[in-house]
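Hi everyone, thanks for making room for me today. I'd like to walk you through a model, so please pull it up and keep it turning while I talk.

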Amino acid sequence: MDLFMFSLSSSAGQVFVFYILRNYSALICTAVTTTRKFFTVLVSIVYYNHSLSLQQWLAVLMVFGGILWEAVDHIAQKTSVTRIRKG
């Protein structure tokens with residue numbers, strides 16, 4: 001049963017990635033994948049009661065900051081293009 005659930009969830013994940021690639025850009029797909037991995041690590045830390053050193057927490061913050069920066073930059077670029085098109 002574990003192998004079946006693993007295969008099912010893996011297949012669902014691949015379908016989701018292909019859907020994002022088909023309907024959105026590769027940048028969005030990368031952001032979604034990185035964000036998912038980031039939150040998976042955070043859930044693992046909490047669920048399994050792992051302890052992180054200060055350096056590890058700083059690395060977690062750097063990843064979150066990078067994701068946030070990328071999202072803000074993407075929105076800013078869209079807003080800039082919209083303003084240019086409107087004249």
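Let's begin in the loop between H2 and H3, where you will find Asn 49. Please bear in mind that this is a predicted model. Asn 49 is not a glycine, and yet its phi is positive, at about 55°. Is Asn 49 buried or exposed? Its relative accessibility is 68%, so Asn 49 counts as exposed.

Now let's zoom out. How many helices and strands does the protein have? There are 3 helices and 0 strands, and reading from the N terminus the order is simply α-α-α. Helix H1 covers residues 2-23, helix H2 covers residues 26-47, and helix H3 covers residues 54-86.

What about the overall dimensions? If you follow the C-alpha trace along its principal axes, the protein spans about 55 × 35 × 15 Å. For a compact globule of 87 residues you would look for a radius of gyration near 12 Å, but here the value is 17 Å. As for burial, 7% of the 87 residues count as buried. The accessible surface adds up to about 7,600 Å², and carbon and sulfur atoms account for 69% of that.

A word on confidence before we look at side chains. The mean pLDDT is 86, with 93% of the residues at 70 or more. Which helix has the lowest confidence, and which the highest? H3 is lowest, at a mean of 83, and H1 is highest, at 91.

On to my favourite part, the aromatic rings. The count for this model is 3 aromatic pairs. One of them joins Phe 38 and Phe 39, with ring centres 5.2 Å apart and 70° between the planes, an edge-to-face arrangement. These two phenylalanines sit next to each other in sequence numbering, but look at their accessibility. Phe 38 has 8% relative accessibility, so Phe 38 counts as buried. Phe 39, with a relative accessible area of 44%, is partly exposed.

Then there is the pair made by Phe 38 and Phe 64. Why is this pair called stacked? The ring centres are 5.7 Å apart and the planes meet at 25°, and planes under 30 degrees apart count as stacked. This pair connects distant parts of the chain: Phe 38 belongs to helix H2 and Phe 64 to helix H3, with their positions 26 residues apart. Phe 64 itself is partly exposed, its relative accessible area being 39%. Put together, ring pairs tie Phe 38, Phe 39 and Phe 64 into a cluster.

Let's swing over to helix H1, where Met 5 has its place. Met 5 is partly exposed, at 44% relative accessible area. Which residues make up the nonpolar surface patch here? Met 1, Phe 4, Met 5 and Leu 8 make it, and the patch comes to about 480 Å². Ala 12 is in helix H1 as well, and with 48% relative accessibility Ala 12 counts as partly exposed.

To finish, here are some distances that you can check on screen, each taken from C-alpha to C-alpha. Ala 12 and Leu 27 are 15 residues apart in sequence, and in space they are 20 Å apart. Next, try Thr 33, which is in helix H2 and is partly exposed at 23% relative accessibility. How far is the C-alpha atom of Thr 33 from that of Val 17? The separation is 8.1 Å, for two residues that lie 16 residues apart along the chain. Last stop, helix H3, home of Ala 71. Ala 71 has a relative accessible area of 38% and is partly exposed. Between Ala 71 and Leu 52 there are 26 Å in space, and the two are 19 residues apart in sequence.

That's my tour. If you'd like to take one picture away, take the phenylalanine cluster of Phe 38, Phe 39 and Phe 64, with its stacked pair linking helix H2 and helix H3. Thanks for listening, and I'm happy to go back to any view you'd like.

How values were computed:
Residues are numbered from 1 along each chain as its sequence is written. This is a predicted model: local features need pLDDT of at least 70, side-chain atom pairs count only at pLDDT 80 or more; totals for chains, interfaces and linings use all residues. Side-chain values use heavy atoms; hydrogens and water are left out. Rings of Phe, Tyr and Trp (its six-membered ring) pair if their centres lie within 6.5 Å; planes under 30 degrees apart count as stacked, over 60 as edge-to-face and the rest as tilted. Buried means under 20% relative accessible area, exposed over 50%, partly exposed in between (1.4 Å probe, protein chains only). Helices (H or I, at least four residues) and strands (E, at least two) are DSSP runs, numbered from the N terminus. Patches are made of residues with over 30% relative accessible area and no salt bridge: like charges are joined within 9 Å, nonpolar side chains (Val, Leu, Ile, Met, Phe, Trp, Tyr) within 5 Å. Accessible areas come from the Shrake-Rupley method with a 1.4 Å probe; for residues, only the protein chains shown count as cover. A salt bridge is a side-chain nitrogen of Lys or Arg within 4 Å of a carboxyl oxygen of Asp or Glu. pLDDT is the predictor's confidence in each residue, from 0 to 100. The radius of gyration is taken over C-alpha atoms; the globule rule is 2.2 Å times the number of residues to the power 0.38.
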